[in-house]
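Please look over the sequence and the 3D structure shown below. The text after them explains some of the features that can be found there.

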Amino acid sequence: MTSVLPPHVPTSEVLRGLLAEAPAEGVTFGWLLDRLHKRSFGVVLLLLALIGLTPGTSPVVGLLLTIPALQMILARETPAFPRTIMSRRFSTQRLVRMVDRTVPVLRRMETVIRPRWKLPFETTTRVVGLVVLVLAGVFFVPIPLSNVVPAVTIMLIALAYLEEDGVLLAVSLAMAAAVLIATAITVWQSVEAVRSMFF
């Protein structure tokens, strides 16, 4: 007997559902991850990538990205952070404001980004984790604005992962490869320039 997979629920609807479950006294980061289930990795990557666009945050974001990336490679069900982060509490009203700002943008994206070329979930998780782990290293490169392109790339990967869009994922992985090649060339040229100055 053939099993029927449940229909894909858009991420915008998942976030809306959080508001119905949120306790009035406030929520913690751990509570959010528990409610997001398999979407938690994608949402964490998306949020960190958005933060990574901010100047001066590269080393911190690069370090934080390694945590979910390694856990995805190990095929963990949900990301786990230190207890101080997981227990951090913020008001439910803040969650409402965040969801209200995010959902309209996601709904517009979901008209284009949708489930296509689906791959086995565990395989996709491991591949995304490996690529994000390597891209996280780019955040430590001391070159102005070097954080922008990898951050945008991780955002696209996260959206493709959340919406199970194999087409966007393939494009994003190709973009990640181009970013890594360009970064390697830039670093090599910088090293050679420094070496020529002293030797």
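The paragraphs below go through pockets, a surface patch, two loop residues and one helix residue.

This is a predicted model, in which local features need pLDDT of at least 70 and side-chain atom pairs count only at pLDDT 80 or more, while totals for chains, interfaces and linings use all residues. Residues are numbered from 1 along each chain as its sequence is written, and side-chain values use heavy atoms, with hydrogens and water left out.

The pockets come first. A pocket is sought on a 1 Å grid over the protein atoms alone, as an open set of points where a 1.4 Å probe fits, with protein on both sides within 12 Å along at least five of seven lines; a lining residue has an atom within 4 Å of a point. Grid points are joined across faces, edges and corners, and the volume is the space filled by probe spheres set on the points.

The largest pocket has a volume of about 1,000 Å³. It is lined by 31 residues, of which Phe29, Val43, Leu47, Ile51 and Met98 are the closest to its centre. Two or more lining residues come from each of helix H1 (11-21), helix H2 (29-36), helix H3 (40-52), helix H6 (92-110) and helix H8 (148-162). Helices here are DSSP runs of H or I with at least four residues, numbered from the N terminus. H6 gives the most to this lining, with 9 residues. By type, the lining of the largest pocket has 26 nonpolar, 2 polar and 3 charged residues. In this count Ala, Val, Leu, Ile, Met, Phe, Trp, Tyr, Cys and Pro are nonpolar, Asp, Glu, Lys and Arg are charged, and the others, Gly among them, are polar.

The second largest pocket holds about 460 Å³ of space. His8, Lys38, Lys118, Phe121 and Glu164 are the closest to its centre among the 21 residues that line it. Helix H7 (121-136), H8 and H9 each supply at least two residues of this lining, and H8 gives the most, with 3 residues. The lining of the second largest pocket divides into 12 nonpolar, 3 polar and 6 charged residues.

H8 also contributes to the surface. Leu47, Leu50, Leu53, Leu145, Val148, Val149 and Val152 form a nonpolar patch there, with about 540 Å² of accessible area together. Patch residues have over 30% relative accessible area and no salt bridge, and nonpolar side chains are joined within 5 Å. H3 and H8 each give two or more residues to the patch, and the largest share, 3 residues, is from H8. Within H8 lies Val149, which counts as partly exposed because its relative accessibility is 41%. The classes are buried under 20% relative accessible area, exposed over 50% and partly exposed in between, with a 1.4 Å probe and protein chains only.

Next come two backbone angles. Most residues other than glycine have a negative phi. His37, in the loop between H2 and H3, has a positive phi near 55°. His37 is exposed, since its relative accessible area is 52%. Ala75 lies in the loop between helix H4 (58-73) and helix H5 (83-86), and its phi is also positive, at about 60°. With a relative accessible area of 29%, Ala75 is partly exposed.

Last is a residue of helix H9 (166-198), Val194. Its relative accessibility of 45% makes Val194 partly exposed. The C-alpha atoms of Val194 and Arg116 are separated by 47 Å, and the two residues are 78 residues apart along the chain.

How values were computed. Patches are made of residues with over 30% relative accessible area and no salt bridge: like charges are joined within 9 Å, nonpolar side chains (Val, Leu, Ile, Met, Phe, Trp, Tyr) within 5 Å. Accessible areas come from the Shrake-Rupley method with a 1.4 Å probe; for residues, only the protein chains shown count as cover. A salt bridge is a side-chain nitrogen of Lys or Arg within 4 Å of a carboxyl oxygen of Asp or Glu.
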